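Visitor: I should like to go through this structure with you, beginning with its charged side chains. Could you guide me?

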Amino acid sequence: MTNKPYRKNVGMVVFNSLGKVIVGERIQFPGSWQFPQGGIDEDEDYLEAAKRELYEELGIKKVVYVTEYPDWIPYDFPNSLGLNSHLQKFRGQLQRWILFYWDGELEECDLVHHEQEFLTIRHMEIEDTIQAVIDFKRPVYEKFVPLFKSAIQNYIAENAKTK
C-alpha cells in the first residue's frame with residue numbers, strides 16, 4: 001500500500017455571513033458530514049479545480065476566495081474503504097484546502113446536476129465539523145479548521161465595517 005502515490009485533491013470550505021459552513025452528508029457514508037472535495041485534473045491549477053469541484057458538487061459558481069491552508073495535507077485510505085477502481089491505484093489523497101465566502105441559500109445549491117456525491121447539505125459551525133466527519137479524515141480537519149475559523153471571524157468582522 002505504501003508504495004502507491006497520493007492522489008492530488010482539493011477541499012473547499014464555504015461559509016456565509018453568519019460564519020456557518022456548508023457540509024454535505026456523503027452518499028457512501030450516511031451520518032458523516034464533510035466539506036466538498038475532489039480530484040485535481042492533470043495540468044489543472046488547484047484553485048481552478050476547487051471552483052470546478054464546487055460547481056460539480058454543489059452547483060455554486062460565484063464564490064469569493066478568502067484564504068487557503070498553507071500546506072498540502074495527506075491522508076491514507078483505510079483498507080476497509082472499498083475504493084472504486086480509479087482510486088485503488090492510490091495510497092490516499094494529498095489535499096489543498098481553500099476557504100471561500102458565499103452568502104447564497106442552501107436551496108440554490110444543485111446536488112444532482114453532475115455526479116451526485118451528497119445525500120443532503122446543511123450549515124454547521126466550523127468547529128463542529130471535526131467530530132462530524134468520518135474518523136479517517138478527522139486528523140486533516142484538525143489541521144485546517146482552527147486557521148479557517150479565525151479567517152472566517154476576521155472576514156466577517158472586516159466586511160461588517162465596510163457595510
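Visitor: Is arginine 52 buried or exposed?
Guide: In this predicted model, arginine 52 has a relative accessible area of 22%. The cut-off for buried is under 20%, so arginine 52 counts as partly exposed.

Visitor: Which residues form a salt bridge with arginine 52?
Guide: Aspartate 41 is one of them, with the closest N and O atoms 3.7 Å apart. Glutamate 56 is another, and there the closest N and O atoms are 3.3 Å apart.

Visitor: Where do aspartate 41 and arginine 52 lie?
Guide: Aspartate 41 is in the loop between β4 (37-39) and α1 (46-58), while arginine 52 is in helix α1; the pair therefore ties together parts that are eleven residues apart in sequence. Glutamate 56 and arginine 52, by contrast, both lie in helix α1, four residues apart, or about one turn of the helix.

Visitor: And glutamate 56, buried or exposed?
Guide: Glutamate 56 is buried, at a relative accessible area of 16%. Aspartate 41 is partly exposed, at 44%.

Visitor: Which residues make up the network?
Guide: Asp41, Glu44, Arg52, Glu53 and Glu56 are joined into one network by salt bridges that share partners.

Visitor: How many salt bridges are there?
Guide: The count comes to nine. One of them pairs aspartate 76 with arginine 91, the closest N and O atoms being 3.2 Å apart. This pair links distant parts of the chain, 15 residues apart: aspartate 76 is in strand β6, and arginine 91 is in the loop between β6 and β7.

Visitor: What stands opposite aspartate 76 in β7?
Guide: Glycine 92 does. Strands β6 and β7 run antiparallel and are joined by four bridges.

Visitor: Which other strands pair with β7?
Guide: β1 runs parallel to β7, with ten bridges joining them; within this pairing, glycine 11 has tryptophan 97 as its bridge partner. Strand β5 (residues 64-68) pairs with β7 in the antiparallel sense over four bridges, and tyrosine 65 stands opposite phenylalanine 100.

Visitor: Why is β7 largely enclosed?
Guide: Nine of its ten residues are buried, so β7 is largely enclosed by the rest of the structure.

Visitor: Turning to the largest nonpolar core, which residues touch the most other members?
Guide: Of its 32 residues, these are Val13, Val21, Phe35, Trp97, Tyr141 and Phe144. The greatest contribution to this core comes from α3, with eight residues.

Visitor: What is valine 13 in contact with?
Guide: Leaving aside neighbours within four places in sequence, its contacts include Val21, Phe35, Trp97, Ile126 and Phe144. There is also a second, separate core of 19 residues, with Val10, Met12, Ile40 and Leu111 among them.

How values were computed: Residues are numbered from 1 along each chain as its sequence is written. This is a predicted model: local features need pLDDT of at least 70, side-chain atom pairs count only at pLDDT 80 or more; totals for chains, interfaces and linings use all residues. Side-chain values use heavy atoms; hydrogens and water are left out. A nonpolar core is a set of buried Ala, Val, Leu, Ile, Met, Phe, Trp, Tyr and Cys residues joined through side-chain atoms within 4.5 Å. Buried means under 20% relative accessible area, exposed over 50%, partly exposed in between (1.4 Å probe, protein chains only). Helices (H or I, at least four residues) and strands (E, at least two) are DSSP runs, numbered from the N terminus. Contact means heavy atoms within 4.5 Å. Two strands pair if DSSP finds at least two bridges between them. A salt bridge is a side-chain nitrogen of Lys or Arg within 4 Å of a carboxyl oxygen of Asp or Glu.
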